[in-house]
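Trainee: Got a minute to walk through this one with me? I'd like to get my bearings before I go back to the bench.

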Amino acid sequence: MAVIDDDPSLLRSVERLLNANGFLTEGYSSAEAFLSQAQTSLVRCIVLDIHLGGMSGIELWHRLKHIGIPLPVIFITAVDDETLEREALNAGCIGYLHKPFPAESLVAAVNRALQRSTLD
């Protein structure tokens, strides 16, 4: 599972939370780092900040779908934008969590994403 967030503290926190719940994670500080470093064939889910420096999380998600890598995505964001949330949910993201979010919400969303990726 990939975690992508440009806030180093939050990136570490999310990785620790997911690792403590039995998920193997790989962290990336940007969409560009993910694209250049990740072995996407091994990634089953992405926890993705929407507002990254450089390419946004939404742009990354669209790019992955365009090149044939339709990974389940859980968006995390500190920005309250109902239009963007509706767009992301309508486009099929697994979860849309507002920072700070309860740990249980993220773990539940990851479990849903992994169940979905196993079914596909």
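**Starting from Leu17**

Mentor: Sure, and keep in mind that this is a predicted model. Leu17 counts as partly exposed, because its relative accessibility is 21% and the buried class ends under 20%.

Trainee: Where does Leu17 lie?

Mentor: Leu17 is in helix 1.

Trainee: And which residues is Leu17 in contact with, leaving aside neighbours within four places in sequence?

Mentor: Ala103, Leu106 and Val107. As for His98, its C-alpha is 16 Å from that of Leu17, with the two positions 81 residues apart in sequence.

Trainee: Okay, new topic. What lines the largest pocket?

Mentor: The lining includes Met1, Ala2, Leu24, Thr25, Glu26 and Tyr28. From further along the chain, Gln37, Ala38, Gln39, Leu42 and Val43 belong to the lining too. The space in this pocket is about 160 Å³.

Trainee: How does that lining split by class?

Mentor: Seven residues are nonpolar, three are polar and one is charged.

Trainee: Let's pick Thr25 from that list. Is Thr25 buried or exposed?

Mentor: Thr25 counts as buried, because its relative accessibility is 16% and the cut-off is under 20%. Thr25 sits in the loop between helix 1 (8-20) and strand 2 (26-28).

Trainee: What does the side chain of Thr25 make polar contacts with?

Mentor: One partner is the side chain of Asn19, at 3.1 Å. Another is the side chain of Glu15, at 3.2 Å. Leaving aside neighbours within four places in sequence, the residues in contact with Thr25 are Met1, Val3, Glu15, Leu18 and Asn19.

Trainee: Tyr28 was in the pocket lining too. What is Tyr28 in contact with?

Mentor: With neighbours within four places left out, the contacts of Tyr28 include Ala2, Val3, Ile4, Asp5 and Leu11. Ala33, Phe34, Gln37 and Ala38 are in contact with Tyr28 as well.

Trainee: Which residues touch the most other members in the largest nonpolar core?

Mentor: Tyr28 again, along with Ile4, Phe34, Ile46, Leu48, Leu60 and Phe75, in a core of 25 residues. At least two residues of this core come from each of strand 1 (2-4), helix 2 (31-37), strand 3 (46-49), helix 3 (57-66), strand 4 (73-77) and helix 4 (82-90). Helix 3 gives the most, with four residues.

Trainee: What about the second core?

Mentor: That one is separate and has 19 residues, among them Cys45, Leu97, Phe101 and Ala113.

Trainee: Over to Arg44. Where is Arg44, and what does its side chain reach?

Mentor: Arg44 is in the loop between helix 2 and strand 3. Its side chain reaches the backbone oxygen of Leu114 at 3.5 Å. Arg44 counts as partly exposed because its relative accessible area is 41%. From Arg44 to Thr25 is 10 Å, C-alpha to C-alpha, and 19 residues in sequence.

Trainee: What happens at the start of helix 4?

Mentor: There, a side-chain oxygen of Asp81 comes to within 3.1 Å of the backbone nitrogen of Thr83. Just after helix 4, Gly92 has a positive phi of about 105°.

Trainee: And which residues does the cis peptide bond join?

Mentor: Lys99 and Pro100, with omega at about -10°. Most peptide bonds are trans. Pro100 is in the loop between strand 5 (95-98) and helix 5 (103-119).

Definitions and conventions: Residues are numbered from 1 along each chain as its sequence is written. This is a predicted model: local features need pLDDT of at least 70, side-chain atom pairs count only at pLDDT 80 or more; totals for chains, interfaces and linings use all residues. Side-chain values use heavy atoms; hydrogens and water are left out. On a 1 Å grid over the protein atoms alone, a cavity is a set of points where a 1.4 Å probe fits but cannot get out, and a pocket is an open set with protein on both sides within 12 Å along at least five of seven lines; lining residues have an atom within 4 Å of a point. Grid points are joined across faces, edges and corners, and a volume is the space filled by probe spheres set on the points. Ala, Val, Leu, Ile, Met, Phe, Trp, Tyr, Cys and Pro count as nonpolar, Asp, Glu, Lys and Arg as charged, and the others, Gly among them, as polar. Buried means under 20% relative accessible area, exposed over 50%, partly exposed in between (1.4 Å probe, protein chains only). A polar contact is a pair of N or O atoms within 3.5 Å; within protein, one must be able to donate a hydrogen and the other to accept it, and residues adjacent in sequence count only if both atoms are side-chain atoms. Contact means heavy atoms within 4.5 Å. A nonpolar core is a set of buried Ala, Val, Leu, Ile, Met, Phe, Trp, Tyr and Cys residues joined through side-chain atoms within 4.5 Å.
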